[in-house]
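Please open the model in your viewer and keep the sequence beside it, since this tour moves from one selection to the next. At each stop, make the selection first and then read what is there.

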Amino acid sequence: MRRYEYSDEIVNVVKQFLADDDWHYSFNEDTGIFRFGLRIRSKIQNISYVIDVHEDEFVTYGMCPIGADREDPEMMAQMAEFICRANYGLKNGCFELDFRDGEIRFRSFVDCENLLPSTEVVKNSVHCTAAMIKRYAAGIVDLIFGGASAKDAIAKCEKTTEDELRSALEEALGGDVSGGSVGELLSRLASELGIGEERGDGHEDEDRPEDIRLNPFADDGGAGSGQPHIRKDLFATEGGEA
C-alpha cells in the first residue's frame with residue numbers, strides 16, 4: 001500500500017507530458033512525487049524540479065542550487081525583502097524562502113478539483129517556473145555573492161522593456177540616448193544603418209514590423225518565442241532510474 005493518496009489520473013498526465021517532451025525523470029510510487037532537472041541560460045543555470053501530485057491538485061517546485069546564508073542575518077533579511085518585492089504582482093506562482101536553511105524556490109500551484117489538467121497545463125507550470133527563476137537569477141546571485149541590497153537587486157531584474165531597448169540603442173549608437181522617445185531613437189538608428197530607404201525596385205518594405213517587442217524570457221531562437229532554452233538533465237532522483 002502506498003504511503004500517500006494521490007490521483008493516478010493526474011500522475012498519468014504528468015508522465016505523458018514528460019514522455020512527450022523527452023524529459024529524464026524519476027517517480028516515487030509511494031509519495032506521488034516526480035523529480036527531474038533542467039539547465040537554463042542565466043546566472044543560475046541548474047534547476048531541480050519536484051512535481052508533487054495530490055488527489056485534486058499538483059504543485060510544481062523549482063529549487064535554486066544556491067541559497068542565502070542562514071547564519072548571516074543581514075543577507076537573510078535582504079533576501080526576504082527581495083522575495084517579497086519579486087512576488088508582488090505575480091499572477092502565477094511565487095518565490096519562497098526557507099528561513100531554516102536559506103533555500104530559495106519557486107512554486108506553481110494547479111487546482112484540479114473536478115477537472116483533469118491537460119499536458120499543456122503541466123507544461124505551463126514547468127516553463128513558468130523556469131522563466132521566473134531565469135528573470136530573477138541575476139538579482140539572487142548579486143545579493144548572495146555581491147552583497148547587493150534587495151532594492152538594487154530587484155531593480156536589476158525588473159528593468160522595463162523600454163529601459164532594455166534604450167540600453168541596446170546606447171550600445172548601438174555609441175552614446176547617451178536619454179533625450180528622445182524610443183520611436184525617435186529607432187528612427188535615428190534606422191538612419192544610421194541605412195534602413196527604411198526605398199529599395200531598388202521602387203517598392204516600400206511591406207514586411208517591416210510595426211513595433212518591437214522584447215521578451216526577457218526568449219531564447220536565442222528569436223525574440224518572443226516565450227520559452228526558456230531547455231536541456232533536460234537528471235539532477236536529482238529518489239533512487240529510481242531515469
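A salt bridge here is a side-chain nitrogen of Lys or Arg within 4 Å of a carboxyl oxygen of Asp or Glu. Keep in mind that the model you are viewing is predicted, and that a search of the whole structure finds 7 salt bridges.

Begin by selecting arginine 85 and glutamate 81, which form a salt bridge whose closest N and O atoms are 2.8 Å apart. Both lie in helix H2 (residues 73-87), and because they are 4 residues apart there, about one helical turn separates them. Arginine 85 is partly exposed, with a relative accessible area of 36%, and glutamate 81 is likewise partly exposed, at 31%.

Next, select arginine 70 and glutamate 71, where the closest N and O atoms of the salt bridge are 3.6 Å apart. Arginine 70 counts as exposed at 51% relative accessibility, and glutamate 71 counts as exposed at 61%.

Now show strand E5 (residues 94-97) together with strand E6 (residues 104-111), which pair in the antiparallel sense over 4 bridges. Leucine 97 has isoleucine 104 in E6 as its bridge partner. Between the strands of this hairpin there are 6 residues, and glycine 102 takes a positive phi near 85°.

Stay with these strands and select arginine 107 and glutamate 96, which form a salt bridge with the closest N and O atoms 2.6 Å apart. This pair links distant parts of the chain, for arginine 107 is in strand E6 and glutamate 96 is in strand E5, 11 residues apart. Arginine 107 counts as partly exposed, at 25% relative accessibility.

Finally, select Lys43, Asp142 and Lys156, which are joined into one network by salt bridges that share partners.

Key
Residues numbered from 1 in each chain as written. Predicted model: local features only at pLDDT ≥ 70, side-chain atom pairs only at ≥ 80, totals over all residues. Heavy atoms only, no water. Pairing = 2+ DSSP bridges. Helix = DSSP H or I, 4+ residues; strand = E, 2+ residues; numbered from the N terminus. Buried < 20%, exposed > 50% of the residue type's maximum accessible area, 1.4 Å probe, protein only.
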